[in-house]
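Visitor: I would like a close look at a single part of this model, the surroundings of the ligand, and at how that part sits within the whole.

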Amino acid sequence: MNIVLGITGGIAAYKTPELVRRLRGRGADVQIVMTASAEEFVTATALQAVSGRPVRSNLWDQKAEAAMGHIELARWADVVLIAPATAEIMARLAGGAAPDLLTTLCLATEAKIAIAPAMNHVMWSNPAVQSNRELLEERGIMILGPEHGSQACGETGAGRMLEPDDIAAAVCAADLGGNATAGLLAGRTVLVTAGPTREPIDPVRYITNRSSGKMGYAMARAAAAQGARVVLISGPVNLEDPHGVEVHRVETAEQMHVETHRNISEVDIFIGAAAVSDYRPTETAPQKIKKQEETMTLKLIRSEDILASVARLDHAPFTVGFAAETENVRDYARGKLEDKRLDMIVANRVGDDCGFDHDDNTVDVLWPNGEKAFPMTAKSELAHTLIELIAERFESMRGDDTQPELSVISARD
Ligand SMILES: Cc1cc2nc3c(=O)[nH]c(=O)nc-3n(C[C@H](O)[C@H](O)[C@H](O)COP(=O)(O)O)c2cc1C
């Protein structure tokens, strides 16, 4: 897909090198067109390096016009994506103005146009901006986001640009004229569990763990970016819902178990990234437990093992577990892989300096007859690499399943 990426002068422009990488990762060719204001936020040098093409910004650049004029650029594009889209560009588009290269080619193109607005929440709710949004939507321009959350100005509200992954996934989807079959997991359903669980002791106390849900959410995003339908069953976390992902919220291990099995029948790949409590109190006190003796004993009972219960199903999906360990990480992980009969396990060491609630992670991935180590990487980046590996293993197992019976036995056992 040929994408003209228009970058305008919003603070979120700093995320665009990442967006270019995400679009190219899905096989798109990306030609960047920047406004003059955008150049205040991100350099053409960085964008040229990640896009592999000279950046265009000036309508009056004779050399660039001679190479690919603005009309040719408008014809070349399958999609014109503007991210971030300022209030100003929305007004120019709504008014049909063409004072610069980006707006001129928007008028001259027959390609689909999508914009990812990003601005302060008060600006976004301004009636002028909202009426421009409505007009652009009526004319068939696709509006991606914005989402609600903390903003660069220090306030919270609706106006944050969608994450690069979410934009890339939406742009490559069918209704934008892109190719719905694009992505390693197109046509597949992936179920991800994420976050911790909370096991109530009484109405005000619970047992939980340090999981932030970041890795599971990153996996859900990465699977959606590869074209999968993604269902995310999440314990209590402080994270935005990933765009285009069906999110089901639960609290306890038991609820997560029930919700997982309620959704499992259509699932091709199950990724158990949640840190599910192994034990829960045998009883939940109906009223707050009062301070009494010097010591007190809580009686706990084992929770259902969600991962093993999915892997045991007659028509089990390709099942991937996550193992967080503080020591002997690979040995414990190999043990879990075999005991629970998983197709793959992602093992990471957790401690004060790594794992839970950190943005980076380093993992070992193990499967029945192989393994691979991944160095310290941002969780979002790592998730993409893991999803690629999962898709590859899933396809190779499906290939094995279509071979004669003997191969099936050797592949699974
Ligand atoms: C530091 C700074 C940050 C800005 N961030 C935004 C923003 O996030 N969204 C927005 O609509 N305008 C923002 N603006 C205002 C735009 O840059 C301004 O309206 C400009 O004329 C947009 O031009 P363009 O749409 O041609 O890029 C910001 C301005 C400054 C100085």
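Visitor: Before that, what pLDDT does the chain average, and what share of the residues score at least 70?

Guide: This is a predicted model, and its chain averages a pLDDT of 89, with 92% of the residues scoring at least 70. One stretch calls for caution, since over residues 402-413 the pLDDT stays under 50 and the model has six contacts beyond four places in sequence for them. Where pLDDT is low, the predicted coordinates should not be read in detail.

Turning to the ligand, 15 residues surround it, and the closest are Thr 8, Gly 9, Gly 10, Ser 37 and Thr 86. By character, this shell divides into eight nonpolar residues, six polar and one charged. Helix α5, which spans residues 87-95, gives the most to the shell, with three residues. Within α5, Ala 87, Ile 89, Met 90, Arg 92 and Leu 93 are buried, and the buried residues of this helix pack against β3 (79-85), α6 (101-108), β4 (112-117), α7 (121-125) and α8 (127-138). After α5 comes Gly 96, whose phi is positive, near 70 degrees.

As for the wider setting, the largest nonpolar core has 111 residues, and those with the most contacts inside it are Val 192, Met 219 and Ala 223. Helix α10 (residues 214-225) gives the most to this core, with nine residues, while domain 1 (2-176) and domain 2 (189-412) each supply at least three. Leaving aside neighbours within four places in sequence, Ala 223 is in contact with Leu 185, Val 190, Val 192, Ala 228, Val 230 and Ile 387.

Notes:
Residues numbered from 1 in each chain as written. Predicted model: local features only at pLDDT ≥ 70, side-chain atom pairs only at ≥ 80, totals over all residues. pLDDT = per-residue confidence, 0-100. Contact = placed C-beta atoms within 7 Å. Near = placed C-beta within 6 Å. Helix = DSSP H or I, 4+ residues; strand = E, 2+ residues; numbered from the N terminus. Nonpolar A, V, L, I, M, F, W, Y, C, P; charged D, E, K, R; others polar. Core = buried A, V, L, I, M, F, W, Y, C linked by C-beta atoms within 7 Å. Buried ≥ 20, exposed ≤ 12 C-beta atoms within 10 Å, placed from the backbone. Domains from an automatic or database assignment.
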